[in-house]
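Please go through the burial, the ligand shell and the nonpolar cores of the model shown here.

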Amino acid sequence: MIALQTRNLSKTFKVKRKGAGLSGSFRSLLKPEWEEKPAVHGIDLTVNTGEMVAFLGPNGAGKSTTIKMLTGILHPSSGEAQVLGLTPWLERTRLAYSIGAVFGQKSQLWYHLPPVDTFDLISRIYELNRSDYAARSKDLIDRFELGPYLHTPVRKLSLGERMRCEIAASFLHRPQMLFLDEPTIGLDVIVKQRIRELIRELNRDEGTTVFLTSHDAGDVEELCSRAVVIHHGGILLDAPVQRLKREILSRKTLTLTLSESNAGYSLPPIAGTELIETEGRKLRLGVDLKSTGIEAVLSAVIGQIRLDDVTIEDPPMEEIIKHIYGLRGGNAT
Ligand SMILES: Nc1ncnc2c1ncn2[C@@H]1O[C@H](COP(=O)(O)OP(=O)(O)OP(=O)(O)O)[C@@H](O)[C@H]1O
């Protein structure tokens, strides 16, 4: 079954053109000139019920604009979309009963109230039956382990505690589809991991369709089976995450922080790695997992030198986009 379908979905913003300096500001105030700014163009997308899809792209690619159209917040300039059989911008209220949305940068919880009060409020907004709500909130409070801070004002919660409450709140009305915009932004590794487990669990138990944007390749790899990459408002790649992992996410960045006594050490060539940069005692290496393993790189170094720290990161989204363009023989700019 299809949960979401778009045809040629496009959005162009009308923005005021402002001349340089004070005189330019005056001129645009008295005689404004407008220009069209395309943010999203020609998005054709089908998402099946129960699928977990990552919607990726660098800053300004058009992800939030697309999500805003799919949740009915924005009207498109042209094109069509159906989410759970409804046209979001025409049937926004009806749709709201069946979808949930979490924006990592914006809270839906009342800042000065404890999460339990927002949960109650949400239950009334969605007109949940009292006994259903009691059972549902208990289940989510247990799953997300919210007991210890359920009665603490949101402003006093850590980011990780708040995000667990945010996601639990978005599941209260049993949405069939969940939009997650950067759900793990700014969280530490342990909390990220727990949040991913919980989303996976709810997708498995309740068949919730998940549409996720993230700059964190870990969210994509661990949650989604399919990735749609957009750039300059259009779809650049729509592929299984397994393929993305094999072809594109197979590169990791390994940062070695040398101990004081080894400052100035120059790294010998190691197969499957390239030295990206040296910054003080930090050496940043690009490791191609198709031809070597992290452990092989580390064992080539350990024993030779003393290390204070080691970090392993995914390449930034901009690098992934460049790589996709490279595979297609194009230019990322
Ligand atoms: N209300 C608006 N008026 C004018 N331009 C806008 C508006 N909202 C977004 N844009 C522009 O549309 C383009 C796409 O923005 P959008 O927020 O959808 O990108 P994004 O992929 O979500 O980026 P990020 O990862 O930085 O959140 C950008 O060039 C942005 O400046």
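Q: What percentage of the residues in the protein chain is buried?
A: This is a predicted model, in which local features need pLDDT of at least 70, side-chain atom pairs count only at pLDDT 80 or more, and totals for chains, interfaces and linings use all residues. Residues are numbered from 1 along each chain as its sequence is written. A residue is buried if 20 or more other C-beta atoms, placed from the backbone, lie within 10 Å of its own. Of the 333 residues in the protein chain, the buried share is 32%.

Q: Which helix gives the most residues to the shell around the ligand?
A: The surrounding residues, with C-beta atoms (placed from the backbone) within 6 Å of the ligand, include Phe13, Lys37, Asn59 and Lys63. Two or more residues come from each of strand E1 (2-17), strand E2 (33-48) and helix H2 (63-70), where helices (H or I, at least four residues) and strands (E, at least two) are DSSP runs numbered from the N terminus. With three residues, the top contributor is H2.

Q: Which helix gives the most to the largest nonpolar core?
A: A nonpolar core is a set of buried Ala, Val, Leu, Ile, Met, Phe, Trp, Tyr and Cys residues joined through C-beta atoms within 7 Å. The largest has 63 residues, and Ala54, Phe211, Leu212, Cys224 and Ala227 touch the most other members. Six of its residues come from the leading contributor, helix H6 (residues 159-171).

Q: How many residues are in the other core?
A: This core lies apart from the largest one, and its members include Leu256, Leu285, Val287 and Val301. Its residue count is seven.

How values were computed
A residue is buried if 20 or more other C-beta atoms lie within 10 Å of its own, exposed if 12 or fewer, and partly exposed in between; C-beta atoms are placed from the backbone.
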